[in-house]
Amino acid sequence: MIRLFDTLRREVVELRPRTPGEVSLYVCGPTVYDVPHLGHARTAVTYDVLRRYLTWRGVDVKMVSNITDVDDKIIARAAEEGSSEADVAARFSDVYVRELEALGVAAPDERPRATEYVDEMVSFTAELLARGVAYVIDGAGVYFDVGRYPDYGRLPGRSPEGLLEGAGARVAVDDRKRDPLDFALWKAAKEGEPTWDAPWMPGRPGWHIECVAMALGLLGDGFDIHGGGSDLIFPHHENERAEAEAAGRRFARLWMHSAMVNVEGEKMAKSAGNFRTLADVLAAQDPRALRLAMLQAHYRTTIEIDEAALASAAAGVQRLDAFARRVGALGAPGGGSGAAPTPDCGEARAAFAAAMDDDLGTPAAVAAIFDLARWGNVRLDESDAVGAIEALATVQELCGALGLEVGPTGRADEDDGRDAVQRRVDERDAARRARDYATADEIRSELATAGIELEDTPAGTVWRRVR
RNA sequence: GCAUCGGUGCCCGAGCGGACGAAGGGAGCGGCCUGCAAAGCCGUCUAUCGCGGGUUCGAAUCCCGCCCGGUGCUCCA
């Protein structure tokens with residue numbers, strides 16, 4: 001039984017899919033007006049892990065994650081650099097997709113763009129107008145009438161009055177709106193902005209309606225999980241919910257929100273100017289280190305990703321790789337040799353699943369993996385090849401369910417300069433056999449300078465490139 | 001202001017009433033292994049679980065108060 005925290009109900013609940021054995025998942029993606037930062041990475045990793053784990057559990061997952069490619073900020077950016085909105089969106093969308101892939105985030109089944117769904121948004125808006133839960137303000141746009149949706153405020157856990165407090169002072173309210181909380185479904189066209197035709201006036205869609213159109217359109221009514229970053233709870237997700245349900249549609253059955261990434265104790269945000277780009281981290285670190293660092297904290301707690309956290313996680317990843325390398329040095333006869341899983345692999349698997357079933361307890365799941373790796377290393381020390389191979393296979397399988405690829409890195413047989421390096425390694429081995437340790441150590445430090453690390457194992461000297 | 005989350009060892013970070021005599025990772029130290037290393041294993045070191053009350057047979061875990069910090073309140077992943 002898989003349990004997840006539902007933001008709407010404010011408690012961990014059993015995941016009861018619309019169709020047993022299948023889970024439909026919609027995750028809010030980014031507005032592509034700039035390069036992705038660590039916050040985007042965390043959200044993407046969170047749902048990538050959810051999806052991979054469910055799949056590992058035998059659930060058939062259909063995942064949709066959108067890209068918002070029409071928005072005020074994209075328009076502003078285009079104006080700023082004298083390019084087109086389409087160009088800005090295409091460019092940053094490409095970067096987003098590419099960098100997430102480098103992070104090991106699998107592509108969703110569908111990655112719809114808002115601009116591809118304008119027709120659906122127009123008809124949805126028409127439906128809301130027809131139902132009398134939305135109204136037109138000439139020259140301004142079409143607005144959702146919050147007063148017609150009594151449940152408004154439940155997702156963020158606030159009353160409508162509470163939502164207004166402190167907010168009114170910050171935002172200029174159009175006094176033609178019936179309620180300050182009313183929000184735009186459609187924005188009237190402005191000179192030079194991307195514009196589409198609509199029965200009421202030419203213009204462009206508001207933000208929230210795109211997700212409603214795409215989620216309902218691709219996953220259908222009453223889809224299982226809607227996720228995103230916790231900063232989207234209000235207003236974005238609450239407005240989506242209001243729109244869909246006011247139109248008489250059953251929306252998400254469960255709401256998930258991943259927590260923020262902080263920088264020096266404060267939320268990382270483009271608007272705060274303190275963000276760290278994904279590209280920076282990817283360039284400096286093994287992408288797996290970033291993923292592990294995120295997995296070692298629960299998805300609902302705020303994390304701080306700094307050099308220390310990254311270095312610590314990188315060391316952990318290396319430890320797992322080293323285990324794989326040690327097993328590999330056995331000259332393993334491929335696979336688990338048909339042996340029945342040893343008890344400890346079963347225990348690890350059970351601990352892993354129990355942790356993950358409980359609201360995606362990745363920290364405990366990761367702990368189970370490290371425990372198993374240690375156990376496998378002991379098997380190795382005791383010359384139990386079958387046990388060690390089995391342990392590695394299990395470690396890799398469980399890591400795979402978290403999107404972490406573990407294996408021998410910097411492998412000698414894939415190295416460009418392998419012949420030259422191997423020659424020196426052989427020379428060193430010869431020197432060692434002759435007990436000429438001075439020469440042997442000289443060669444070792446020479447190779448170390450060149451970024452080659454040596455390990456003398458019972459099966460011979462293994463080397464790998466570390467940089 | 002209102003709402004909400006959190007304060008656990010040297011660092012990160014789980015746990016959220018009973019095998020906690022507090023997971024896991026990282027760092028340190030000692031040992032084994034090694035020609036020496038590396039890797040690995042074993043052992044070990046830092047924890048009055050923010051502070052003060054309370055409930056309970058029993059609290060890191062529940063309640064009350066206080067202190068400190070984060071986040072949200074129509075830019076946001």
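A residue is counted as near a molecule or strand if one of its heavy atoms lies within 4 Å of it. By this criterion, 59 residues surround RNA strand B in the predicted model. Lys73, Pro180, Gly229, Lys267 and Arg444 come nearest. On the RNA side, sugar and phosphate make up 66% of the strand B atoms that come within 4 Å of the protein.

The model is predicted, so local features need pLDDT of at least 70, side-chain atom pairs count only at pLDDT 80 or more, and totals for chains, interfaces and linings use all residues. Residues are numbered from 1 along each chain as its sequence is written, chains are lettered from A and ligands numbered from 1 in the order in which they are written, and side-chain values use heavy atoms, with hydrogens and water left out.

The surface near RNA strand B is mixed in class, with 24 nonpolar, 17 polar and 18 charged residues. Here Ala, Val, Leu, Ile, Met, Phe, Trp, Tyr, Cys and Pro count as nonpolar, Asp, Glu, Lys and Arg as charged, and the others, Gly among them, as polar. Helix H12 (residues 362-381) gives the largest share of this surface, eight residues. Helices (H or I, at least four residues) and strands (E, at least two) are DSSP runs, numbered from the N terminus.

Polar contacts are pairs of N or O atoms within 3.5 Å; within protein, one must be able to donate a hydrogen and the other to accept it, and residues adjacent in sequence count only if both atoms are side-chain atoms. Contacts with RNA strand B involve base, sugar or linking, and phosphate oxygens. Arg444 places a polar side-chain atom 2.4 Å from a base oxygen. A side-chain N or O atom of Arg319 is 2.9 Å from a phosphate oxygen. Gln296 uses a backbone N or O atom, 3.1 Å from a sugar or linking oxygen.

Chain A is assigned domain 1 (3-272), domain 2 (285-400) and domain 3 (412-465). These bounds come from an automatic or database domain assignment. The centres of domain 1 and domain 2, taken over C-alpha atoms, are 35 Å apart. Their contact (heavy atoms within 4.5 Å) takes 30 residues from domain 1 and 25 residues from domain 2.

Two cavities of 30 Å³ or more are present. A cavity is a set of points, on a 1 Å grid over the protein atoms alone, where a 1.4 Å probe fits but cannot get out; lining residues have an atom within 4 Å of a point. Grid points are joined across faces, edges and corners, and a volume is the space filled by probe spheres set on the points. The largest cavity holds about 90 Å³. Domain 1 and domain 2 each supply at least three residues of its lining. Helix H1 (38-56) gives the largest share, four residues, and helix H9 (287-295) gives at least two. Seven lining residues are nonpolar, three polar and one charged. Among them are Arg42, Met294, His298 and Leu360.

Leu360 lies in the loop between helix H11 (343-357) and H12. Its phi is positive, about 55°, although Leu360 is not a glycine.

The second largest cavity holds about 30 Å³. Its lining includes Pro30, Asp34, His40, Phe92 and Lys270. By class, this lining has six nonpolar, two polar and two charged residues.

One cis peptide bond runs from Phe234 to Pro235, with omega near 5°. Pro235 is in helix H7 (residues 233-246).

Note on methods
On a 1 Å grid over the protein atoms alone, a cavity is a set of points where a 1.4 Å probe fits but cannot get out, and a pocket is an open set with protein on both sides within 12 Å along at least five of seven lines; lining residues have an atom within 4 Å of a point.
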